[in-house]
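Please find below a short note for the file. The points concern one strand with its neighbours, and then a pocket.

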Amino acid sequence: MITRSALTGSRAASCLLCQSRLFSLSYRRLADKTPTPTPTPTPTSAAIPGPIFATAETPDTPSAAPVTPPTANIPVNGALANAPRGYGKKFDDFTPTPLSRPIGMNFPPKAGENTGIDRRSIRQRRDDFVNYDKHLAKREFLKNKMSRPYFRDWRNMQFHKGKTFLAPPRLFKGDLSLYFPNLRGSTLDKKDPAAKTADTTPLLEGRASVVTIFSSMWAEKQARSFTSAEANPALHAALQGSGGRAQLVQVNVEEDTLKAWLIRLFAGSLRRRVGKDNWNKYFLVRRGITDEIRESIGVLNGKVGYTYLVDQQCRIRWAGSGHAESEERAGLVKGVHRLLEEISRDGVRRKPVGGDAAEDKVVV
């Protein structure tokens with residue numbers, strides 16, 4: 001007869017046996033798996049310099065080219081290499097210096113560029129959506145955007161009220177100058193049906209243009225220190241006496257939807273302040289100004305106003321930033337007179353095309 005103690009002992013032995021089997025079986029399964037060897041870096045991949053996203057081609061994807069994030073392709077303008085930006089290294093002290101070389105884009109602008117509108121087809125969007133390399137590039141782009149200090153532009157305002165550079169003492173030579181980009185936005189003109197999608201390039205061609213770019217009231221006041229009738233009456237006298245060959249163009253950049261809506265809500269006061277003759281020369285731009293454009297034309301601080309003198313071929317011949325100095329205002333007026341002389345010498349005139357008086361064409 002089996003006693004209770006013997007039955008309890010057999011149960012305990014069976015439980016210990018099961019546990020030992022369980023542990024031993026799991027241990028054997030893990031031991032049976034051979035560890036995957038860690039690939040050692042080849043001399044080719046170890047010798048690749050540059051950023052962390054640059055990788056060598058692997059045998060699995062022999063035709064895949066290394067993808068660089070959009071921000072990695074931004075060329076740093078040599079004339080502004082040491083100027084503070086909204087990203088990059090933090091400056092403890094900065095003194096602006098005059099522009100030593102031309103700034104701008106490398107290619108002539110065309111109407112319809114830099115609209116900020118995604119014109120890809122559905123098939124192209126699908127191909128981009130399933131492209132892992134483009135996902136990595138977009139991830140890097142968003143990471144760089146999120147890592148930018150929000151108050152960096154405000155902090156850089158402590159350096160000479162945000163002045164990024166000083167205006168050059170004289171105009172840049174025409175054959176060495178770079179181009180002002182095309183910008184698309186809406187104007188204040190109520191009667192023109194194309195006022196909602198207007199480009200700056202057709203307006204700038206064939207004329208000497210003083211272009212101001214700003215995105216806040218503070219920046220607009222800085223730009224007006226160059227161009228307002230109170231601060232620079234000689235400039236307005238030159239514009240009025242040019243016979244339509246010189247003009248003032250204002251570009252208000254506002255990427256925030258709510259602020260752009262407020263600007264449109266008070267468009268009536270803007271029209272009264274600007275004047276009816278300048279309604280088509282006031283642009284509200286919401287998108288299309290990329291980091292590459294900002295680096296090229298020197299718009300390195302979104303809270304600062306910038307002023308440019310653009311010739312009849314959309315080339316930047318002179319530029320100023322921040323609050324105007326007396327020498328800069330005088331240099332701007334001299335530059336306008338110089339461009340008017342070039343227009344008269346070269347015989348540039350504008351005439352309507354196709355019977356439409358709203359369209360102009362540059363004829364040399």
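Which residues of β6 are buried on one side, and which on the other?

1. The model is a predicted one. In it, Tyr306, Tyr308 and Val310 are buried on one side of β6, while Thr307 and Leu309 are buried on the other, and both faces of the strand are thus covered. In a regular strand, side chains alternate between the two faces of the sheet.

2. Strand β6 spans residues 306-310, and 5 of its 5 residues are buried, so the strand is largely enclosed by the rest of the structure. Buried here stands for a relative accessible area under 20%.

3. Strand β6 has antiparallel pairings to report. With strand β3 (residues 208-214) it forms 5 bridges in the antiparallel sense, and Tyr306 of β6 is the bridge partner of Ile213.

4. Strand β7 (residues 316-321) also pairs with β6 in the antiparallel sense, over 5 bridges; Val310 has Ile316 of β7 as its bridge partner. The hairpin of β6 and β7 has 5 residues between the strands, and Cys314 in this hairpin takes a positive phi near 65 degrees.

5. The largest pocket holds about 1700 Å³ of space. Its lining comprises 47 residues, and Ser215, Glu255, Arg294, Gly302 and Lys303 are the ones nearest its centre. Among the elements that give two or more residues to this lining are β3, β4 (246-253), α7 (217-227) and α11 (291-297).

6. By class, the lining of the largest pocket consists of 22 nonpolar, 17 charged and 8 polar residues.

Key: Residues numbered from 1 in each chain as written. Predicted model: local features only at pLDDT ≥ 70, side-chain atom pairs only at ≥ 80, totals over all residues. Heavy atoms only, no water. Buried < 20%, exposed > 50% of the residue type's maximum accessible area, 1.4 Å probe, protein only. Helix = DSSP H or I, 4+ residues; strand = E, 2+ residues; numbered from the N terminus. Pairing = 2+ DSSP bridges. 1 Å grid on protein atoms, 1.4 Å probe; cavity = no way out; pocket = protein on both sides within 12 Å on 5 of 7 lines; lining within 4 Å. Points joined across faces, edges and corners; volume = space filled by probe spheres on them. Nonpolar A, V, L, I, M, F, W, Y, C, P; charged D, E, K, R; others polar.
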